[in-house]
Structures are given as C-alpha cells and as structure tokens.
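Here's a quick briefing to read with the structure open beside you. Grab a coffee and have a look at the fold before going through the points.

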Amino acid sequence: MTGTAAPFAADDYRARMERAARSAAEAGLAGLLVAPGPDLVWLTGYAPTAVTERLTLLVLAPGQDPVLVVPTLEAPDAAKAAGASALTLRDWTDGKDPYAATAALLDAGGRFGVSDNAWAMHLLGLQKTLPGTSYASLTEALPMLRAVKDTAELKLLAAAGAAADATFEEIRKVPFGGRRESEVAADLAALLRRFGHSQVDFTIVASGPNGANPHHEVGDRVIERGDMVVLDFGGLKDGYGSDTSRTVHVGEPSDEERRVHDLVRAAQEAGFRAVRPGVPCQEVDRAARAVIADAGYGEYFIHRTGHGIGVTTHEPPYMIEGEEQALVPGMCFSVEPGVYLPGRFGVRIEDIVTVTEDGGRRLNDTTREMVIVD
C-alpha cells in the first residue's frame, strides 16, 4: 500500500485523529500508538513507500496534539501526506534513540492501544525505555475504530464494489473449460486493474474438488466441463476494498449442484435480510447458517458468514457466533455463506453490505443465480 488512502482533506484526518483519541480515553487508555499500516493510512493519509526497521509511530493521546515520530530521511515524504497539516512531525536521525524521543510523548505509567502490525522490536524498545507502560492491540481495545464509514468512504466502497461487479460481468464471458485456474485468475487480476483497482489482494479460482477449500490457492489444475468453479476476488480501488464471490458452472449443472447453489443463495439472502441497526453481528451469521443447517448441510459451512471491509479487505466487525457488537449505520461487511463438499465441489456467494438507517444495502449487484460458462 503506497500513497494516500483516498482524496480526503486535512480536516477529515484531523477529525479521525480526534475521534480516535476520544475513543482511547473512553476505553481507559492513555493513548494510541499507530505504526505504518492501514490504521496509519486511515488516520493520516500517510503510508511510507517502504516499511523498514526505523521507527515510524503516530502518537495520539487525549488533550495533546497528534505527533508523528518519523525518521529524518523520510520526513519530507511524511510532510506531503494529506493529513500532515493536522499533526506535528517529530523526526529522529540515525544514531539517535527513537524510543527516547517517543517516550517523551507518553505517560510513563499509561496503558496504550497499539496497532496490530507494529513491529515487536519497536514495542519492546518502548517497554525497555518506559517499563511502567502496558499495551493492548487495537483490535482488542478498539475493534470498531474504523468500522463505521462516513458518506465519502461509503461512496468509495460502492465504487470499488461496482468495479468488482464489472470484473465479474467480463470474466463470465471468457472460456473456462480447458484452461488452468491460474489463467482465469490472471484474467481476474487484469480486469480488476482495468476497472480501477490499484491493488489486487486475491483472485481465488477453485474448480471442481478444489472448490471445497474456501481459501484454495490457485494452481495449474485444468478446469473441466462439468466443474463448479468458485470465484472470489478483490483488492483496493482508490484506497478502499472490494471483495465478492460468485460460483459459476462449466456447462449444465447436475440437479444436486443446482440444489446446493440455490441453498447457498437462499442462505445469503437470509443473512442479508437480517442486517439492520441494533442487531448483533452474530445474528447475521445465525440467519445464514440456519438455512444451510436446516437443509442438512450444516457441517459443510465451515467459516464465519462475514468480515468487515474498508481500507483493508478484511477487518472488524465479524459476522460470527459470539460477536454481540450491535450493527450501526455505516458499517460495511461481507455476507458470504458457503457449502463445501470434500472431494466434490463448493459453492460460495458473497456481497459487501452496508448497514442503513432501516436495514441493509448491497454494494454488489451481479446476479446471484447460477451462471453457466463455457
């Protein structure tokens, strides 16, 4: 991930940083420590072109201005970030102690939320300098930090979803039978880029028995006539994610294949219909899972029903049993039930859904009916 996340203004990033600092205080934290990665991009618009062993860390704390600790040689790039004017840059030079520079900004006895992808060496360096501090991962401490999207973010997610839809409409026209999975995956990646994606995160093409593995790694298997083929693809467009799944069939399907596909489609619809403000996340999973279990295929639905999406393609909230977080308007996540029959075939149907004031809205609009390909 390089460059800014999206064309937001400094005031947008300032508001995000202020909200994050308030959320930290409400969670009983002394502040947040944010390393390079999706949280830093979302909060500041800054993504170093290369993440190295040199410490880069955003310090957010209630009642103090945001400070980005950054290596001197990278400070000019940091100063160009869209949110740079909403924070103070504090640079450090090689040969100096970056942990001492950072420690001066921290409560020596505080508990801090730390972005999940912070390097262990940096966290250990801070602990050594400030042994009275303690830390919690942001996913644990503030799992909903990026979960509720504003209007501009929703537009970007909708545009990414539309690009993924355009990709599916084109891929269904290409030959499948007699080609390797890897060839179709390459077509998917090229189409995502053609429709505006700057980053392709995954292009799953799981044919025949490979479809029974939800995260099948694309291989050289030749797709045959009679195969069910699970397609799952997505990435980032203008800094925001897409992720959609459709299952196609090469030639006419059997009655059982059609029946299982119809079952997954019904489960996906049930999961979508369960989306509304105030409903716990787990109810979306329960609604989709009940349809599949009632049909006798419950043991073959082997993953959660959904995951959040935003500046990454997988993030909180998660539609899974035990997640009691209530849905809030502006949350965006996948609804993607599946049935996976070992050694035979699999079916998955996935849309990105956003919570509205009175229900849910799909950000993917391609057909969920069985699609026959050549």
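What follows is a short tour of helix packing, one buried threonine and some salt bridges. Keep in mind that this is a predicted model. Two helix pairs come up, α9 with α10 and α7 with α8. After that come the charged pairs, picked from a count of 25 salt bridges.

**Helices α9 and α10**

- Start with helix α9, which covers residues 255-273, and helix α10, which covers residues 281-294. Their axes come within 7 Å and cross at roughly 155 degrees.
- Angles over 145 degrees count as roughly antiparallel, so that is the label for α9 and α10.
- The handedness is easy to note down: α9 passes α10 in a right-handed crossing.
- On the α9 side, the contact uses Leu 263, Ala 266, Ala 267, Ala 270 and Gly 271. Facing them from α10 are Val 284, Ala 287, Ala 288, Val 291 and Ile 292.
- Sorted by class, this α9 and α10 contact has nine nonpolar residues, one polar residue and no charged ones.

**Helices α7 and α8**

- Helix α8 spans residues 181-194 and packs on α7 at an angle of about 135 degrees, with the axes 9 Å apart.
- That angle makes α7 and α8 oblique to each other, and their crossing is right-handed.
- From α7, the residues making the contact are Ala 164, Thr 167, Glu 170 and Ile 171. The α8 side brings in Val 184, Asp 187, Leu 188, Leu 191, Leu 192 and Arg 194.
- The class split for α7 with α8 is six nonpolar, one polar and three charged residues.

**Thr 167, up close**

- Thr 167 sits in helix α7 and has a relative accessible area of 0%, so it counts as buried.
- What does Thr 167 touch, leaving out residues up to four places away in sequence? The list is Leu 188, Leu 191, Leu 192, Phe 195 and Phe 233.

**Salt bridges between distant parts of the chain**

- Some background first: side chains of opposite charge can pair when their charged atoms come close.
- Arg 146 and Asp 39 form a salt bridge, and their closest N and O atoms are 2.3 Å apart. The partners are 107 residues apart: Arg 146 is in the loop between α6 and α7, and Asp 39 is in helix α2.
- Are these two buried or exposed? Arg 146 is buried at 12% relative accessible area, and Asp 39 is buried too, at 10%.
- Glu 321 pairs with Arg 286, with 2.7 Å between the closest N and O atoms. Glu 321 belongs to the loop between β11 and β12, while Arg 286 lies in helix α10, 35 residues apart.
- Here both partners are partly exposed, with Glu 321 at 46% and Arg 286 at 34%.
- Glu 336 and Arg 348 also meet through their side chains, at 3.8 Å from N to O. Glu 336 is in the loop between β12 and β13, and Arg 348 is in strand β14, twelve residues apart.
- Both Glu 336 and Arg 348 are buried.

**A salt-bridge network**

- Which residues are linked in a network of salt bridges? They are Arg 246, Glu 269, Arg 273, Asp 351, Arg 362 and Arg 368.

Notes. Residues are numbered from 1 along each chain as its sequence is written. This is a predicted model: local features need pLDDT of at least 70, side-chain atom pairs count only at pLDDT 80 or more; totals for chains, interfaces and linings use all residues. Side-chain values use heavy atoms; hydrogens and water are left out. Axes are lines fitted to C-alpha atoms, for helices over the stretch in contact, and angles run from 0 to 180 degrees between N-to-C directions. Helices (H or I, at least four residues) and strands (E, at least two) are DSSP runs, numbered from the N terminus. Angles under 35 degrees count as roughly parallel, over 145 as roughly antiparallel, 65 to 115 as roughly perpendicular and the rest as oblique. A crossing is left-handed if the near helix is turned anticlockwise from the far one by less than a right angle, and right-handed if clockwise. Contact means heavy atoms within 4.5 Å. Ala, Val, Leu, Ile, Met, Phe, Trp, Tyr, Cys and Pro count as nonpolar, Asp, Glu, Lys and Arg as charged, and the others, Gly among them, as polar. A salt bridge is a side-chain nitrogen of Lys or Arg within 4 Å of a carboxyl oxygen of Asp or Glu. Buried means under 20% relative accessible area, exposed over 50%, partly exposed in between (1.4 Å probe, protein chains only).
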